[in-house]
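Before reading on, take a moment to look over the chain from one end to the other. The paragraphs below lead through a few places in turn, beginning with a term that the first of them needs.

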Amino acid sequence: MLKKSKVLLLNIKVYKVILLFTILLPPLKGQAQGLLFNSNDSLLGERTSYTVFSNNVPTFHDHLLMNFDLSLWDNDHLGYVFNITDTQNNSYSLTYIYNYNGSPTLNFNIDSKSNKIKIPLSLAQLKKRNWINIKVDINLKANTVGFYVNGKWYKAGDFGFDSKITPDITFGKNPHYSDVPKMAVKNLTIADDDKSYSFALNEWSGKDVHDSSGEIQGHVDNPVWLINGSYFWEKRANLSFKEVAGINFNPQDQTLIIFKNDSLITYDMQHDRIAGKAFQNKLPVPLLLGKSIINTKENKCYAYEVLRAAKPGPCIASLDLNTLKWDVVGNANIPEQRHHHNVFYDHNQDDFYLFGGYGSFAYHRDFFKYNKAADSWDKVAFNGDKIMPRFFSGCSQANEHNEVYIFGGYGNQSGNQIVGGKHFYDLYRVNLTNHTIKKCWEIKPNEEDFVPANNLIVSKDKKYFYALCYPHEKPKTQLRLYRFSINDGSYRVMSGLIPVTSERIESDINLFFNDDQDEFYCAIQEFTSPSNSSIRILSLQFPPVSQHDYEQAQQIVAPAPAIYRYIITGVLIIVAITGTLLYFSRKRKDRITLQQPVEEDATIVPANKKEYEKKANAVYLLGEFTVYDKNSRDITYLFSPKIKQLFILILLNSKDESGVVSKKISNILWPDKDVVKTKNIKGVTINHLRNIIADIAGIELTFFNDTYCFKLGDNVFCDYFTVTDAIEQQGGDQSILNYFDLIARGGLLQHIPETWLDDIKLEYEEALMPLILPEVKKVYENGDFRKTLDIARVVLNIDPFNDAALKYKLKALRRIKGIEYARKVYDEFIQEYEKSLGIEYPVPFDKICSNKTENR
């Protein structure tokens with residue numbers, strides 16, 4: 001007995017050591033984006049405060065362990081990273097300060113008493129979304145505190161701790177201090193030797209903070225959830241001109257520059273500052289398209305026009321960005337215009353090249369290099385693979401191997417516009433040293449045709465390139481950021497939509513990347529006439545978030561990653577077992593059987609399980625929300641959460657053509673705002689919705705008497721409308737099972753937990769249940785046991801404790817998998833029943849599923 005107690009004690013100690021080791025390891029990163037704090041730059045009432053445990057504060061014994069990722073970019077302020085206050089009002093804080101000598105430090109203090117730990121940081125670490133891992137070990141028994149930062153421990157003692165602590169932990173603004181540095185936090189873990197709480201801080205809206213099991217633990221005032229900045233493009237500036245202007249990005253100082261005839265506008269994106277300065281002399285090149293290229297070696301902007309203006313004159317000029325003085329470079333031109341061509345430097349920035357473009361009713365494939373000595377555009381011949389004539393292609397800048405990537409576009413094999421055109425989805429590697437072209441791949445995307453904007457941004461690991469893509473043939477279209485694999489062309493959509501009006505061929509779109517701030521910039525130049533244009537500037541935080549990852553973030557209540565739990569549990573079990581076996585190595589070994597959780601066998605495939613046919617102009621509301629356009633293309637990804645709600649709200653009220661009044665839309669979609677203040681955001685959301693449904697034939701959004709309604713044609717299919725019509729028409733020989741494939745998709749909008757949908761969902765379930773429940777018995781008695789399982793699953797999804805559905809589910813499982821398997825499923829059911837209702841399930845298994853009952 002004593003030996004067994006020693007073994008048990010040994011295993012408990014091993015368990016605690018492993019848990020401690022696990023907490024101090026860097027957290028599993030996944031796709032967490034984090035929480036950004038409104039800092040001292042904001043008004044006092046707008047600063048961010050994050051309380052880790054807002055309701056039931058746990059008590060931690062012996063240790064209080066913390067692990068989180070911290071991003072700091074503050075060169076001005078002192079601020080509080082976190083504060084810990086115990087039940088005796090002892091207060092401890094981690095503060096940040098940027099010292100006047102340029103040495104940033106973190107300081108751990110006993111508040112109002114002393115500074116105990118000073119942790120130096122480097123200036124290079126002060127960068128938005130540059131994450132510093134912080135590990136904290138508050139050893140309550142040893143009376144010490146340790147911080148592990150940048151590969152080094154910083155420790156101090158004599159804190160006067162008790163052996164346990166019930167801490168009020170607050171990041172940012174706290175009850176004692178209101179100073180907040182410019183910072184962001186993610187991947188937070190709080191633990192002791194026996195328990196752990198993890199917070200990815202990957203929410204996308206709201207003030208509640210969920211732990212890894214989906215439970216609400218904390219609360220944030222004035223949150224800024226970073227995932228939104230990595231998915232939705234943020235509008236930064238909108239400028240209008242009554243002349244042609246050019247725009248480019250200067251990597252030297254990471255600013256956008258806009259040049260006009262007489263002045264330069266600079267936009268410092270980091271500090272959100274726009275400034276204008278007059279040139280020393282006017283721009284000598286008459287601008288038609290406003291094209292330019294930046295030479296960072298010379299710190300000059302070269303403005304050029306390929307086609308000479310009606311009056312002969314300079315075609316290329318350089319602007320010294322230090323002195324703002326223009327110099328004429330040359331008069332060289334190309335006989336035809338080259339709309340939407342590509343321009344790039346070689347790696348050393350000695351020569352710049354043009355490729356492709358459209359002009360004089362032809363698509364072009366030529367490479368031109370500007371010969372400064374001869375003042376001419378010289379054609380350059382390349383060997384290897386041939387690139388078909390095209391415009392609207394995207395290109396990268398030359399890499400260290402003097403290679404440029406050219407992707408996609410629109411054109412044809414001959415170059416003659418008369419024979420029509422096609423979209424290209426191919427990637428070429430162009431070597432500017434040995435003048436060779438290598439085709440990397442060609443793909444055929446299964447979606448609406450698109451072209452890339454001017455610039456391709458190659459990822460730092462050289463595995464991907466990013467491109468802004470859009471259907472260029474539509475006057476009102478949308479941009480999205482794509483990420484393509486350089487290796488094989490596989491791709492993902494990596495952002496939300498940017499609506500664009502492209503009425504004229506002069507309209508131009510550029511993608512830039514700010515290495516210092518880790519931001520994408522989109523610059524859209526839209527022309528309404530040859531001399532009137534506007535420039536819109538938007539930004540997107542890096543790394544961008546895919547549509548799939550963004551939707552996953554909205555499904556907050558989700559279990560912690562299974563692999564994480566299994567790894568930790570597995571390690572603990574293995575170590576514990578190993579310790580026991582070693583201790584009793586001289587004794588007889590016992591067999592250990594590990595039982596897996598009972599699940600329905602994966603081989604039991606629902607009888608009606610199949611890939612649902614893609615229908616044109618179809619909307620699916622049962623199960624997973626899905627929409628197909630007129631070409632049977634899945635366009636669900638176009639619906640952001642708010643646009644999705646708006647679409648569903650109007651659609652559900654359009655079957656009887658009643659529609660939804662404007663005020664009701666405001667109250668449902670923006671319940672925390674006054675109706676008057678929702679006018680602008682509602683208008684923008686409705687316009688986005690109109691753009692999306694433009695590709696669904698037979699659906700039109702109407703507005704009459706302050707009411708929005710969809711006018712639905714006969715060619716529009718909605719599974720929910722089809723099923724509800726069938727429910728209303730039940731009678732005679734008509735069976736609801738004729739529509740079971742649709743019903744089996746799932747509950748009505750089951751993954752959209754909006755409270756305003758609750759009554760609609762309940763009405764649907766109450767109408768369906770009396771029709772679907774009697775079918776369980778009929779199908780079972782007809783011997784179709786798999787179909788019985790399918791129908792029982794639908795019923796139990798509506799009423800989890802329905803006796804009849806459980807009965808026939810168990811009977812069907814007994815027939816398919818045997819009585820022991822059915823008994824395991826029954827045992828799981830009664831445990832959940834008692835847990836939820838607080839009473840034992842009254843019907844024993846043998847009464848449902850014994851041999852005697854089966855033979856009746």
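A residue is called buried here when its relative accessible area is under 20%, exposed when that area is over 50%, and partly exposed in between. With that cut-off in hand, one can turn to strand β46, residues 508–514, in what is a predicted model. This strand is mostly covered, since seven of its seven residues are buried. In a regular strand the side chains alternate between the two faces of the sheet. In β46, Asp508, Asn510, Phe512 and Asn514 point one way, while Ile509, Leu511 and Phe513 point the other way, and all of these are buried.

What does β46 pair with? Its partner is strand β47, residues 519–529, to which β46 is joined by seven bridges in an antiparallel arrangement. The two strands form a hairpin with four residues between them, and Asn514 of β46 stands opposite Glu519 in β47. Within the turn, Asp518 has a positive phi of about 50 degrees.

Most residues other than glycine have a negative phi, and most peptide bonds are trans. Asn187, which is found in strand β14, residues 183–191, also departs from the usual sign, with a phi near 50 degrees. Asn187 counts as buried because its relative accessibility is 4%. His435 has a positive phi as well, near 55 degrees, but this residue is found in the loop between β38 (422–431) and β39 (436–442). At 27% relative accessibility, His435 counts as partly exposed. A cis peptide bond, with omega about 0 degrees, joins Phe542 and Pro543, and Pro543 lies in the loop that runs between β48 (532–541) and α3 (547–554).

Another part of the chain shows how several strands are put together. Strands of a sheet pair through backbone hydrogen bonds, either parallel or antiparallel. An open sheet of four strands has the order β20-β21-β22-β23, and its pairing is antiparallel. The strands at the edges are β20 (246–250) and β23 (273–278), and each has a single partner strand, so one side of each is left without a neighbour in the sheet. On average, and with direction ignored, neighbouring strands of this sheet are turned by 20 degrees against each other. The pairing of β20 with β21, residues 255–259, is antiparallel and extends over five bridges, with Gly246 standing opposite Phe259 in β21.

From strands the path leads on to a helix, α11, residues 785–798. At 1.5 Å a residue, its 14 residues should span 20 Å, and the C-alpha atoms at its ends are 20 Å apart, which agrees. Its buried residues are Lys787, Thr788, Leu789, Asp790, Ile791, Ala792, Val794, Val795 and Leu796. Among the elements that cover them are α9 (740–743), α10 (758–781) and α12 (803–817).

It remains to ask how far the model can be trusted. The mean pLDDT of the protein is 83, and 87% of its residues reach 70 or more. Over residues 556–569, however, pLDDT stays under 50, and the model has 15 contacts beyond four places in sequence for this stretch. Residues 575–612 likewise stay under 50, and for them the model has 42 contacts beyond four places in sequence. Where pLDDT is low, the predicted coordinates should not be read in detail.

Methods:
Residues numbered from 1 in each chain as written. Predicted model: local features only at pLDDT ≥ 70, side-chain atom pairs only at ≥ 80, totals over all residues. Heavy atoms only, no water. Pairing = 2+ DSSP bridges. Axes fitted to C-alpha atoms, helices over the stretch in contact; angles between N-to-C directions. pLDDT = per-residue confidence, 0-100. Contact = heavy atoms within 4.5 Å. Buried < 20%, exposed > 50% of the residue type's maximum accessible area, 1.4 Å probe, protein only. Expected span 1.5 Å × (residues − 1).
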